[in-house]
Amino acid sequence: MKITKVTMKDGVMQQPVTTTLQAEADRMHRENMLSGRELPKLIFSATFGRGGFEEVKQLTGLLVLTAFSDSEQQIGEWQRLAMQVPYTVLAYRSLNRHKLHIVVRVGFADGHEASSTAEYLQMLRQAQQQTAVIYQSLAGCEWMPEELQMNSCYAMSYDPLAQANEEAQFFPVVLKDNDLLSTCRQPYVDDNGNVEDGLTDEEREHMKEEYYTCLKKALEEHPNQKDQEQALCTLAGYCHQAHLEEEASVRRTLWQWQFREHEDIVRKIFRAAYARNYQGKALSQMNQKERIARSIRDFFNRRYQLRYNEVKQIVEYRANDQTFYPWKPLDDRELRRIAFEDMLEGGQAWLVDIEMYVRSSFVKRYNPILEFLGGVGTWDQKHNYIEAYARRLKTDYARWPHFFHRWLLAVVAQAMGKNRDYGNSMVPLLIGTQAMKKSTFCKNILPYSLREYYMDDIKMDNAEQVERVLGRMWLVNIDEYNAKTEREQAKIKRLLTEKDVQMRKMRSDQYVMTPRLCSFIATTNDLRPLTDPSGSRRYLCVEMTGQADMSGDINYRQMYAQAVWEIEHGEQYWFDNDDEREIMEHNAKYELSTSLDETLNNLFIAAPRTKEHFMTATDIQHHLSNVLMKGDIPTLSKLGRVLHRQHIPDGSQNGIRGYYLSLRKK
């Protein structure tokens, strides 16, 4: 894609836009570029350096809104009205005159500058929603929804009616709270990482005492064992008056030795006592569908708790009797049992009706990882719990605790949705012999309550499974990394940079984009596991000197509370260029040296960048043919990788690419 730069200074065009666009359009017409060829593109949100989209030089604060209409006259009217809005820098029409691009100056309402491209992109996306409302009301524009990126670009056009407003005002963007943890602050997490989402001990004791008070009164009124049914009716009435949960009262009653009635009878008695009208509307006044729908909802509200696990993308359930047993997946077998229980209570719903409710959005969404992070509380700031865990791994690498700290912040930030530009692309690679507890160290990074979101390995031969793992697992250990083939390692390298995952939902043939959740760690017994020098910056090699110390408790609550606190207070959770350079230098001794490396070292030496020392890859192959068998001569691509790994200077002479080498003197 060809990118045409529009020079900016302090967010204002340095020259009239109409002149720039007309000159470019005239040139394209002269060269007959408009017939069938792709138009050059304009990027407004930022300027970039020679490194491409990865090297952002300046954030311009410019946002583009695009409106569409089949009527050229309508587009012209929108353009006229849009230029009267004080935030409009430029409004220009596309070449086919069916689109209107409106460039708006935006900025934070509190005046601060974006500290990262992620924060800047978040501001642009919220500005898109807020400004669209204004232009919709003032100009009546019909907007084309689009996903904003840093490199969002728009086709070059020529519009003689376009005008640039150099005095356009900043639109103040009120940044809304997009903190994913804001709705997950209720659960409590203990030091072992277990999430307590039930009642407190005091609440449980109080409800237990209330029930036994009701039981005592009922038995006093009906002391005769022959009056069990009357005693049950009285007990049910007292429990209802005390506002005790129906299912919990039924469960406690079934535990009492004084009553020997069948469960069905107990449930019917309590159901009769707790039955009520719906907002003053009797059941007899409802049609059949309404009665069935309300009975299904009431049945689940009384008997079961449901939640939709959005990480696993399944519905989970447990009994609503205050026993707080672990949640279980609601599979077809369990769903049929629950449907039959509803029939035993006199329900008229069919299985398809109950399944309709269970699979609907009436079931609340739930994210176990965000719930855990939201419940860890506040870091006490008395200890660095993250680096303390890192030191359980025995190594002479002094920078290991620091880099593990940075990596764990990236793991947590990715789960919190903080980084939308790129995924966590760093992989700690633990190097050690057998029985050093490498895998145990990796597994214990996550608390026991979240171990189901940990995987010991990933199978690279099933593309759909790989994509599912990226969206559903929090941590994957690439066990025995050295056993992966070169093709598998190349796939892993690609996965590390993905930020979103295209997944197919269960029971559906539709694919949706899901934020990547997964981060990676790896283990190996090979002392030289790195074979691709271009990918070595993605791995942090850590050579173990002894068995990892996994004794004693791990304070998961404070470890993750520290991570959340540091991320929310601006601590860096990504690896910058300086970090990657340091890691690449550290990884050099873990790169595999091949016989080709030795042959090149024996035959050549790096030389100054002069014409007489210039060799093409073909020239180097010719010299290698004098010392190697024909079948051992490397391909051009393999030769290039080895020369790059050996830091041989490269360049070009007269437009031909090559390397600067000289033959060693014998």
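**Figure 1. Helices and strands of the whole chain.** The protein chain has 21 helices and 28 strands, and the model you are looking at is predicted. Of its 666 residues, 46% are buried. Take the contacts in the protein chain with a separation of 6 or more: 72% of them come from residues 24 or more positions apart. The accessible surface of the chain is about 35,600 Å², and carbon and sulfur atoms account for 49% of that.

**Figure 2. A patch of negative charge on the surface.** Which residues gather in this patch? They are E196, D201, E202, E203, E205 and E209. Helix 4, which runs through residues 201–221, gives the most to the negative patch, with five residues.

**Figure 3. A closer look at E203.** This member of the negative patch is found in helix 4. Is E203 buried or partly exposed? With a relative accessible area of 39%, E203 is partly exposed, because the partly exposed range lies between 20% and 50%.

**Figure 4. Helix 11, an enclosed helix.** Why is helix 11 (residues 368–375) described as largely enclosed by the rest of the structure? Eight of its eight residues are buried, so the rest of the structure largely encloses this helix. The buried residues are P368, I369, L370, E371, F372, L373, G374 and G375.

**Figure 5. What covers helix 11.** Both strands and helices help to cover the buried residues of helix 11. Among the strands are strand 12 (188–189), strand 13 (195–196), strand 14 (304–309) and strand 17 (365–366). The cover also includes helix 13 (400–415) and helix 17 (556–568).

Note on methods: Residues are numbered from 1 along each chain as its sequence is written. This is a predicted model: local features need pLDDT of at least 70, side-chain atom pairs count only at pLDDT 80 or more; totals for chains, interfaces and linings use all residues. Side-chain values use heavy atoms; hydrogens and water are left out. Patches are made of residues with over 30% relative accessible area and no salt bridge: like charges are joined within 9 Å, nonpolar side chains (Val, Leu, Ile, Met, Phe, Trp, Tyr) within 5 Å. Accessible areas come from the Shrake-Rupley method with a 1.4 Å probe; for residues, only the protein chains shown count as cover. A salt bridge is a side-chain nitrogen of Lys or Arg within 4 Å of a carboxyl oxygen of Asp or Glu. Lys and Arg count as positive and Asp and Glu as negative; His and the chain ends are not counted. The place of a charge is taken as NZ of Lys, CZ of Arg, CG of Asp or CD of Glu. Helices (H or I, at least four residues) and strands (E, at least two) are DSSP runs, numbered from the N terminus. Buried means under 20% relative accessible area, exposed over 50%, partly exposed in between (1.4 Å probe, protein chains only). Contact means heavy atoms within 4.5 Å.
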